[in-house]
Every structure is written in structure tokens, then in C-alpha cells.
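Here are my comments on the model you asked me to look over, set out as numbered points. I have kept to what can be read from the coordinates.

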Amino acid sequence: MSTVPVTPTIPPPRPQIDFPTWLPAMLVKELRQGLRTRGFVGTFVAFQILMALLMMGAAVGSDAMAPGARAGTATAVNGFFWTLLTVQLLVVTPARALGSLQSEIEARSLDLLMLTRLSAWRIVFGKWASLVAQSGLLLVAMLPYGIVRYYAGSVDLVSDAGTCLALLGACAVLTAAGLWSSGTSKLVRVLLVIAMVIGTNVWRAVATGSSAFLTSPFRGMDPTTLGFDGALTLAFFLVAAVRRIAPPAENHAFFARVLPLIAMLPVPLWALAGHATVAGGQFFFAGCFTLLVCATELGSVRTPMVVHLRPWLARGGLAHFVGRFALPGWPSALIYMIVALAAPTLGLMAVPGVVPPHLVMRVAWLGLLALGALTFPVAALAVFERSAARSAGSVYGLVLGGMSVFGAIAAALAAGLPLRYGWIKDFARLLPVSGFWLSLGDTELSDSTMIVQGGLIFAALGFAWWQSHAYWQNLALIESRERKAKL
Amino acid sequence: MSAAFLEVEGLVRWFDGVRAVNGVSFEIPAGAVVGLIGANGAGKTTTMRLLATLDLPDRGVIRLGGVDVVERPNEVRRRIGWMPDYFPAYKDTTVGDYIDFFGRANGLHGAELLRRVMEVTEFTDLVPLAQRPMDRLSKGQTQRLCLARTLLNDPDFLILDEPAAGLDPKARLEFKNLVRVLRERGKTILISSHILSELGEMCDTLIFMDRGAVMHHGDTGTLRRGGATTGACVVDIVIDGAVVPLLEWLAVRPGWKLLNERRDGARAEFANVEAAALAAELRRLVTDGVAVTDFHREERRLEEAFVEMLREPPLLKKTPPAEGKTP
């Protein structure tokens, strides 16, 4: 205890000279832990040994080889080098992020962190920056082998530097995505990984049979635009991760919901500048991004609190109106989604040249189908709201994912089985979620299909709107209390 | 002690349709050490979490030094130190790294960080353990590390949830000494514990909670003397000579009830807990000619008082949740 003297033989607490004290606390903590983990040390050492052995083998063998054989060795060395880097940056690091927040939640250490001056933002950013920094360290440690490859063949330094940067950028985005999903349960994380693998393959299958507008969405896009989109995606995943651990009094909905609108901004600029292909690609990205943001926003049954409303009420007028689109909970997200999907779609059709004329109506209909696809799980969520309150996001995701899988199965059955099973696909096409996915690959839809699709979409929207009545009533009550308090 | 430092008014917190905290109100003056007592599920930890800004009340107000805990949580967090009843250990982290991290997280930098880390490490006697991985600490060492972390931001108000749980007698004594030193340094401390005798020694006042409600808030002396719940006290009287005059006096004197008689005296209950009233009765007893040689008020153990509190009727009521919660 305090009465026990400190003997000279006992070393005083180690002065923390490993990291300067001005560095963010969370980053320092995560780096200290991360650099000591067996995973990092093992990977670091294993990569060095593998590359050293490979380079020695290539150098010894190349002396005795004919020029043709040397080229083969160079290809093998290059392939091995880039495979190692890709695995580390795009698989190992995001996989480490997958358990990052959950470990804090399970250890119940988040409460202690929240009581310090660390905000949810700083906690998430520290974890993300630490993981990316560790990947950067591995990358830098591998660079000498990149140069040594010269002796086993040839090196294009400019191209390699660009690839390294692109890999690091992709690693940053995927790590943020891993952090976002790490706030969920293990089951949901496993399902997310499976959904990602299936989704990639379904997308490839769908895109193969569709128009050029869908098959090459990013064709002609310059690195700046790709960087811009990457930064927006990164920001979204980070804010989504922040929301997993932020206290209920904090509202991050505005930040998340404004990102798709920012993504949409370059579209008219590119179109007006005459770069219709780039504008189309950016519109495609912004559309997908909007769907992603809407899907995550709609999977929340939180109700607004007075602290969420105050910043909007204080500014009055327009801010008060805008605030209704930026409150936590699916009812606010629902009206946001309607605007976020309708406004760009209508705006896009007004700008000539961005969407080919024969696809205008199709894009508009896809927008409506997307609206229905995202609203349908909300209607389901509203029915089970009380029991699903704690895991609303998971329930929403499961309904959305389940319906999507149903669409994929229906498409697969229709393609691979006798004609008599065609009705399964027709039925799936009518339903909101599966109908959206199946309609992506269809160039023509019959009137009757469109009538049923439209009817179900408006039914889902109407039901969700009716279910949100209590939310808006509660909001009005809080507002009136706040006004009275001010008076 | 000064005016109320912590004010809690009508605190309500619902969990799945059950009121975990049911209209809790109390005040704690600055510099006081207050014990929070209750059975498992009484609402102690929920109350503490609400005070620590880690949860939001469905209803009620909490003010710490005049600052609303719900309205300005960040301001309050800088003034509180919370020690939970569990210890989240980090992997691959030494004691020194852990304290250093929380120092940084509390906004300390440069020389100030090193100075503060040294201070709390020495205060909690963790200097010899600075290089030890934190998952290799004993329970007592772990509790000291927890306290060191809690003290890093030099808080005015300490919330200690079951700090002595699982400690051996030596570690418990050490911990008690630390609390004593903190009290001398003017910290306001709220401690919850199941070890009531220790709380009685450490605390100025005790708050008894049951089923989410405060059953009693008062000093330990009142609780021991039993007046808190019955409005009466038990007195043991020893006399010189025959016991009959005493028994007769007790029989005729209003407010007295004989509990049991002995050869040299009797135990009796007096229906007033005020010290002045009791002193007046003693004077009257002597002037009435009873040869009193000893007269003292009996004290109960806190455990007995606690059990007595639990016999009180439940206060649980169900009303709909307020704004900000899932309907």
C-alpha cells in the first residue's frame, strides 16, 4: 500500500518512450497489443523467411537458367510476392478487424473507455489506424524483396508503387468493414462473410448477362474518382462501427446519411463535362452506396431522445425540417431513403446523356424496386419490433439476406431445371427483395408483373408508414416538452 | 462536509418491463463515504451505472456538483472514477502499459502523464508490478490496478462497485486503508458491498436498496440502534439489589415494554429513538429510586438491520416507460 517504501532495487514504472505521449491513446494501446500478438509476429517472421528463401532460390537458379526459363522464374517470384501481400492486406488484416470490437464488448471494457475522454470515434479510429499501420509495417518490411525481384527478372517501380498504394487503400476500406461487422455477434459475422462470398458470385452471374451499363460500371473511372469513392466507403464503415459502440445519447445518423448524397455530387459534374461513362459509373457506385447506407439505417428500432433533437431545434426553420431525416430509428431512415433514392433517380433522368434513353424507365423502375426491397424487411421488423429491438439490424439483415437468397435460388432453379419450375422464378420476381435482384438481369418486365410489384411495394411502404405513427407521436411530444421548457 | 454534492431525484430505469430502479432519491454531501447495500438484483449496480453516465434513466434527475449527468455527461465523466465489479483484462498488456494507456485516454500528456502515472502507481503499491502482464495478477493486485485506473483523472467522486469482493482478509484490510486515505484527501465515495461490517466501519451513511427502491438512508449508528425501521430502541438496564422496582417502573411508565428480565436487571424496548428522550427517561428512572448501575442502548449488527429492511413491503409498481426508450 502507500505505506510500503519503494526500494531502490525495484525498477520504477517504465517511462513510456515507445510511443510519444501526443499520439492518440487508443492507437498506442492497439499498437502495443497488436505488435505483441502471436498473429502479427508469426506473420511477419513467416513472410520474411518465405521471401528470403524464394529470393535465394531464384538468385541461385537464375545463373544456370536459359533466358526463357528466367522469365518463368520472374513470373513465379512476382506472383508469390503479390500473393503474399494481397493475402496479408486484403484477408489477414480485415480478418483481424472482425473480432476487434467484439473482444472489447465481451471483455466489458468499453464502459471504462467511455468514461475517459475517448469517444466512440476515437476508439474505432484507433483500432482501425493500428491495424492499417501494422499492415503498412508489413508492406514496408516486404519492399526490399520487391527491389530484389530485379535480380530474378524485372521491376516496374511506378506500377508496383501504384499497386501497393491500391492494396493499402483496399486494406483500409476492408479493415473498416471488418470493424463494422465486429460489433455484431459471431453468427452474424459468419453470415456476413458467407453473404459476401455468395453476393460476389451472384453479382458476377447477374452482371454477365446484363447490359453494358451494368457489366462495366467502373470502366473509364480515373484513380481520383475511385479514391473519392473509397474514402466515402471508408467513412461509412467507420461511422457504422462507431455506432455499434456509441452511447444511446449520441446520434451519428446525419453523418452516415449525408455520405450517399456526397457520392452523388460528382455525377452531374461529370455529365455536364461530357464524361457520360464516368458519370454513369459514379452513379452506379452512388446507387449501390445509397442502398447499403439505407439498408443499415433501416435496421434500427431506436427512438429519438431529446438530446438528438436539440441541435436541430436550436437552429429552427429549415434545420428543424432537415433534422427529421437525420434522427436515429427506421421511421426517420424511411423518409430519408425515399428522398435519397427518388431525388438522384429523377435528377439523373433530367440530365441528358448520363443514362442511355432506352434505359431511363428501367433505371426509374429499378429505383422503385430498390425502395420496395429495402422497405419490406422494415415492415417485417415493425411487426416484431418489441422482440427484435436488441438485434434489429441482424433481423433486418436476415430478412433482406433470406429474400435475396430466395431470389438467387429461384433464378438457379429456373435456369437449371425443367420449364415447369419456371413459376418459382416468376413468383420470386413479384416479391420485393428477390424481385429487385431478379429484375436487375431482366431487360423486359410484363405489365402484370410490374403492377403486382408496384402494389406490393406500396403496401410495404404504407404498412411501414402506419407502424411509424408511434415514433412520430413520441417525437412531437418531445418537441412540445422542449418548447415548453424553453418558455 | 458541505452541501449536497450528488443529488438523485426520482430515478427510474426499466429493463424488459421490470423497474430495475424504482424512484430512487438520495443526496450525498461532498467528502462523504456512503455505502450502498442491497441483495443481488436490488438495483445497486444499475443505480451506479446511471450515476456513472453509463446508462440513461427513463425518468429522474442526477446532478453531480450541480451538473446534470444526462445533459452534460462528458463534463461529469471528468469528475468521476468508476470501479466496476469486474475487471476487463487486456491481452499482451503490462500493468505499466495499462496505467499509461488510461492516463493518455484521460487526456494526460508529457510530463503530466508520467507524474500522474507515478503517483497512482505508488499510491496503489503497483511499482514492483509495473512490468508484469496484467493477466498474471492476483485478485488483490487486480483490485489495486483497478483503483489506480480509477484515480488517474483525479476524480472528485468515486463509485466503487463491490471493491472488496473476492479479496483475502489482508487485501481487504489494505483496500480499506486506501479508502481511508482517499477519504482524508476529500474524495466523495459511494461503495457497494455485501460485507456490511466493513461498510459500517468505512462509511458515514448507508443506503439500503431493495427491489429497485431505497428502503433507508441514514448513518450507521441509527441502523445499529434499530430506530430506523421500528421507531424504537432496546435498552439493557442493570440494577443493584432486587429487580422488582425496575419491573414495576417499566410496567407503569408509558412507552416502555419489558422484553426479558434477569436477576440483575432487564432488557426493555423504549418507543422513542431520540437520545434526549432516552436521557430524560434515565434521569426519571434514577429519581424514581431505582438503583441503576448500568444503562446502555443495544446495537444490532448491520446484517440484522439489513434483514429487517428486507421485510419491508415491496414498493414495485409498473408504469409505462418514458421517452427515449423502445416502446
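The points below go from aromatic pairs and ring-charge contacts to a helix, a pocket, the cavities and one loop residue.

1. This is a predicted model, and the points that follow should be read with that in mind. Over all chains, the count of aromatic pairs comes to 23. One of them is formed by A:Trp121 and A:Phe255, which meet edge-to-face at 5.7 Å centre to centre, with 85 degrees between the planes. Because A:Trp121 lies in helix α6 (residues 120-148) of chain A and A:Phe255 in helix α11 (residues 253-264) of chain A, the pair ties together parts that are 134 residues apart in sequence. Neither ring belongs to a buried residue: A:Trp121 is partly exposed, with a relative accessible area of 31%, and A:Phe255 is also partly exposed, at 37%.

2. A second pair is made by A:Tyr471 and A:Trp472, whose ring centres are 4.9 Å apart and whose planes stand at 85 degrees, so that this pair is edge-to-face. Both A:Tyr471 and A:Trp472 are buried. Elsewhere in chain A, the residues A:Trp180, A:Phe236, A:Phe237, A:Phe285 and A:Phe289 form one aromatic cluster.

3. Two contacts between a charge and a ring involve both chains. A:Lys29 lies over the face of B:Tyr90, at 3.9 Å from the ring centre, while the charged end of A:Arg108 sits over the ring of B:Tyr86, 3.7 Å from its centre.

4. Is helix α3 (residues 95-105) of chain B enclosed or open? With 11 of its 11 residues buried, the helix is largely enclosed by the rest of the structure. The buried residues include B:Asp97, B:Asp100 and B:Arg104 as well as B:Tyr98, B:Phe101 and B:Phe102. Those buried residues pack against elements of both chains, namely α1 (25-36) and α5 (110-114) of chain A together with α4 (110-123) and α5 (139-151) of chain B. After α3(B) comes B:Gly107, whose phi is positive, near 85 degrees.

5. The second largest pocket has a volume of about 630 Å³. Of the 24 residues that line this pocket, the closest to its centre are A:Gln33, A:Thr37, A:Ser103, B:Lys91 and B:Asp92. In chain A, the helices α1, α2 (38-64), α4 (100-107) and α6 each supply at least two residues of the lining, and α1(A) gives the most, with 5 residues. By class, the lining of the second largest pocket divides into 5 nonpolar, 10 polar and 9 charged residues.

6. The structure holds 5 cavities of 30 Å³ or more, and the largest cavity has a volume of about 90 Å³. Its lining draws on both chains, with A:Leu112, A:Leu115 and B:Trp82 among the residues, and with B:Phe102 of the enclosed helix also included. In chain B, β6 (80-83) and α5 each supply at least two residues of the lining of the largest cavity, the largest share, 3 residues, coming from β6(B). This lining has 5 nonpolar, 5 polar and 1 charged residues.

7. About 60 Å³ of space lies in the second largest cavity. Its lining includes A:Lys29 and B:Tyr90, along with A:Gln33, B:Asp92 and B:Phe101; A:Lys29 and B:Tyr90 are the partners in one of the charge-ring contacts described above. Both α1 of chain A and α3 of chain B supply at least two residues of this lining, and α1(A) gives the most, with 4 residues. By class, the lining of the second largest cavity has 3 nonpolar, 2 polar and 5 charged residues.

8. A last point concerns a loop in chain B. B:Ala39 lies in the loop between β3 (33-38) and α1 (44-51) of chain B, where B:Ala39 is partly exposed, with a relative accessible area of 28%. Leaving aside residues up to four places away in sequence, B:Ala39 touches B:Lys44, B:Met209 and B:Phe306. B:Ala39 and B:Ser193 are 154 residues apart in sequence, yet 9.6 Å apart in space, C-alpha to C-alpha.

Key
Residues numbered from 1 in each chain as written. Chains lettered and ligands numbered in written order. Predicted model: local features only at pLDDT ≥ 70, side-chain atom pairs only at ≥ 80, totals over all residues. Heavy atoms only, no water. Phe/Tyr/Trp six-rings, centres within 6.5 Å; stacked < 30°, edge-to-face > 60°. Buried < 20%, exposed > 50% of the residue type's maximum accessible area, 1.4 Å probe, protein only. Lys NZ or Arg CZ within 6 Å of the ring centre and 35° of its normal. Contact = heavy atoms within 4.5 Å. 1 Å grid on protein atoms, 1.4 Å probe; cavity = no way out; pocket = protein on both sides within 12 Å on 5 of 7 lines; lining within 4 Å. Points joined across faces, edges and corners; volume = space filled by probe spheres on them. Nonpolar A, V, L, I, M, F, W, Y, C, P; charged D, E, K, R; others polar.
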